[in-house]
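Student: Could we go through this model together? I'd like to check each label against its cut-off.

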Amino acid sequence: MNQTNSPAMLHQLKLYKETASQTAGPYVHIGLAPRQAGFDIFEKNFGNTLAGPDTVGERIRIEGRVIDGSGTPIRDVLIEIWQANAGGRYHHPADLQEKAVDAHFRGWGRGCSDFESAIYTFDTIKPGAVEGRNGRMMAPHVNFWIVARGINIGLNTRMYFSDETEANASDPVLNLIEWEVRRKTLIAQRSERDGEIVYRFDIQVQGADETVFFDI
């Protein structure tokens, strides 16, 4: 008899009922973005500003809302982004491209949605194209990781740029998505406001217009 199917084992399995699941909640702000939660506990706080005065590249703002399945903006979401610099290289030793590293660009940021408006923002620069697998070039993009109350496991997605039509058309990741309407969930729309370049990127967690998420 297979030990895992023995009466003794089955009896033991009955004794251990599944426990209730726990979801990420507002406490993530205390540990990861305490200043926004009203706690000044870290000497250095990771923020949503990635570019400094000496960073090379076009200054942009990324903003949007994370929306749940009922169409309600999530007001306690925490987002991390990482991206290449303006030349298309990540500030990471695993990036072996023969491109210059921008010492004035961290390439990683963490931000939270505003508790009132539910809008998140990142002030950064527009990234360059990055070489992917098999030497194929990937269109300029920003990587997102999202966590909030009701999200058990962080969600991973990408944001592409509406003014990079040609590069987007040949991007190997976007081309993995069969339906064009689904690809559009990853395209941020460019606009200009008060002399500032803004890319709007709303993230739909569930529903008919659900954003494409990646298992990485």
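Tutor: Sure, we'll take charged pairs, rings, the pocket and a few backbone spots in turn. The model is predicted, so local features need pLDDT of at least 70 and side-chain atom pairs count only at pLDDT 80 or more, while totals for chains, interfaces and linings use all residues. Residues are numbered from 1 along each chain as its sequence is written, and side-chain values use heavy atoms, with hydrogens and water left out.

Student: Why is the contact between Arg 190 and Glu 58 called a salt bridge?

Tutor: A salt bridge needs a side-chain nitrogen of Lys or Arg within 4 Å of a carboxyl oxygen of Asp or Glu. For Arg 190 and Glu 58 the N to O distance is 2.9 Å, so the pair qualifies. The whole structure has nine salt bridges.

Student: What makes Arg 190 and Glu 58 a tie between separate parts of the sequence?

Tutor: Arg 190 lies in strand E9 (residues 187–193) and Glu 58 in the loop between helix H2 (27–32) and strand E1 (59–67), so the pair ties together parts 132 residues apart in sequence. Those element names are DSSP runs numbered from the N terminus: helices (H or I) have at least four residues, strands (E) at least two.

Student: And why do Arg 190 and Glu 58 count as partly exposed?

Tutor: Buried is under 20% relative accessible area, exposed is over 50%, and partly exposed is in between, with a 1.4 Å probe and protein chains only. Arg 190 comes out at 32% and Glu 58 at 34%, so both land in the middle band.

Student: How do you know that Lys 126 forms a salt bridge with Asp 163?

Tutor: The N to O distance between the side chains of Asp 163 and Lys 126 is 2.8 Å, so the 4 Å limit is met. This pair also links distant parts of the chain, 37 residues apart: Asp 163 is in the loop between strand E8 (155–161) and helix H3 (165–169), and Lys 126 in the loop between strand E4 (119–125) and strand E5 (130–131). Lys 126 forms a salt bridge with Glu 164 too, the closest N and O atoms being 2.9 Å apart.

Student: Is Lys 126 buried or exposed?

Tutor: Buried: its relative accessibility is 11%, so it passes the under 20% test. Its partners are partly exposed, Asp 163 with 34% and Glu 164 with 22%. Lys 126 also lies over the face of Phe 161, at 5.4 Å from the ring centre; that label needs NZ of Lys or CZ of Arg within 6 Å of the ring centre and within 35 degrees of the ring normal.

Student: What makes Tyr 120 and Phe 144 an edge-to-face pair?

Tutor: Rings of Phe, Tyr and Trp (its six-membered ring) pair if their centres lie within 6.5 Å; planes under 30 degrees apart are stacked, over 60 edge-to-face, and the rest tilted. There are four aromatic pairs by this rule. Tyr 120 and Phe 144 sit 6.1 Å centre to centre with 75° between the planes, so they pass on both counts. Tyr 120 is buried at 0% relative accessibility, and Phe 144 is buried at 0% as well. Ring pairs link Tyr 120, Phe 122, Phe 144 and Phe 201 into a cluster.

Student: What lines the largest pocket?

Tutor: It has 20 lining residues, with Arg 133, Met 138, Arg 158, Val 173 and Ile 216 nearest its centre. By class there are ten nonpolar, six polar and four charged residues, and E5, E7 and E8 each supply at least two residues of the lining.Student: Why is it called a pocket, and how are those classes set?

Tutor: On a 1 Å grid over the protein atoms alone, a pocket is an open set of points with protein on both sides within 12 Å along at least five of seven lines, whereas a cavity is a set where a 1.4 Å probe fits but cannot get out; lining residues have an atom within 4 Å of a point. Ala, Val, Leu, Ile, Met, Phe, Trp, Tyr, Cys and Pro count as nonpolar, Asp, Glu, Lys and Arg as charged, and the others, Gly among them, as polar.

Student: What is the phi of Asp 194, and is the residue buried or exposed?

Tutor: Phi of Asp 194 is near 55°, a positive value in a residue other than glycine. Asp 194 has a relative accessible area of 81%, so it clears the over 50% mark and is exposed.
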